[in-house]
Structure formats: C-alpha cells, structure tokens
Amino acid sequence: ILQVGDLNTAKKVWDAIKARHMGAERVREARLQTLMAEFDRLKMKDSETIDDFAGKLSEISSKSAALGVEIEEPKMVRKFLKSLPRKKYIQIVAALEQLLDLNKTNFEDIIGHLKAYEERVAEEEETEDNHGKLMYANSAPQNGQTNRSPYNGANYRRRGRGGRVYRG
C-alpha cells in the first residue's frame, strides 16, 4: 500500500505492481542461472566425505526448488556419480551403473550405497596402514643392533674373475 498509495488509478497501480514483479522475476532468473552453473561445476574433493558432498548437492537442489525449478532425481543421481573422484570410487560407480536403473533409483539410495562403500574402504585402509606400521617396526633394528652387511668389515672374502679367493 505504501508503494502504490500515491497512484490514483487502478491501471497505474497494476503497472507498478507488474514492473516490480518483472524486476523480481529477473533477479530470480539470475539467481537460478548462477545456481545451475554452480551445480554444473561442483565436483567432490578427495578429502570430502560422501555426506559432505551429498549435503552440497541437496542444498543446491533446495535453493533451486525455492526459486521455482526442481532438479529431477535422475539428474541428481547422475551428477552425484559423475562428480565423485574417479580414482577412489570408479569400482562402485561402475557397479551401480550396471546394476541399477539410474532413472528409477532415488538419491538417498545412491548415498546409502556409497556411504557403505566409503566405510568399507576406510576399514581396509586402516587395516593396511596398521600392517604397514607392523612391518616397519619388525624390520627396524632393535636394542642397539645395526643392519650391517657381511661385506662391512676388514676381513671378508670375495671372488673375482676366475673364482680365486681374495682377502681384503
């Protein structure tokens, strides 16, 4: 009422409301375009977890829906799988693409499969890391011992050409 109170005809009021709405529509379209560009650029970092990345995608989807455009679930699923680091997730992505119909699979199911895989891989890496530390500990010299070669010292034998024995 404060914005159109000084206008004296219905036509002028309507034109003022229409002009404000057109401005708001342009702002909405610009925000939506920026949001879709962000959606297209988004990639998961190696240090991110499945939950963190899924949260980012869900946030963009919610903002888009608030602006009047819903991102279809198959598009979200495909974007999620395409944006994962290949080196770390290529096996599970290939398996999911072959076993599931991505047009009918919902986003939460994909997240569940990938979280289970992420936990399994983390378990394996932890086990391998512990084995590596154990191997290193067993190969390290203990109690003042040194790793000496049989050839380190004054008296050693070696064979040269012809099979003769030389003394050092």
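**A tour starting from helix α2**

Begin by selecting G68, the residue that follows helix α2 in this predicted model; the phi of G68 is positive, near 100 degrees.

From there, step back to α2 itself and select residues 50–66. At 1.5 Å a residue, these 17 residues should span 24 Å, and the end C-alpha atoms of α2 are 24 Å apart, which agrees with that expectation. Next, display the side chains of I50, F53, A54, L57, I60, S61 and S64, which are the buried residues of α2. Turn the view until you look down the axis of α2: these buried residues fall within an arc of 125 degrees, so they line one face of the helix. An α-helix has 3.6 residues a turn, so residues three or four places apart point the same way.

Now select the whole protein chain, in which there are five helices and two strands, running α-α-α-α-α-β-β from the N terminus on. Of its 168 residues, 23% are buried, and the chain exposes about 13100 Å², with carbon and sulfur atoms supplying 51% of that area. If you display contacts with a separation of 6 or more, 57% of them are accounted for by residues 24 or more positions apart.

Finally, colour the chain by pLDDT, for which the mean is 81, with 73% of the residues reaching 70 or more. Select helix α3, residues 73–83, which has the highest mean pLDDT among the elements, 95, and then strand β1, residues 157–159, which has the lowest, 54. Where pLDDT is low, the predicted coordinates should not be read in detail.

Conventions
Residues numbered from 1 in each chain as written. Predicted model: local features only at pLDDT ≥ 70, side-chain atom pairs only at ≥ 80, totals over all residues. Heavy atoms only, no water. Helix = DSSP H or I, 4+ residues; strand = E, 2+ residues; numbered from the N terminus. Expected span 1.5 Å × (residues − 1). Buried < 20%, exposed > 50% of the residue type's maximum accessible area, 1.4 Å probe, protein only. Arc of directions from axis to C-beta. Contact = heavy atoms within 4.5 Å. Areas by Shrake-Rupley, 256 points an atom, 1.4 Å probe, with all protein chains shown as cover. pLDDT = per-residue confidence, 0-100.
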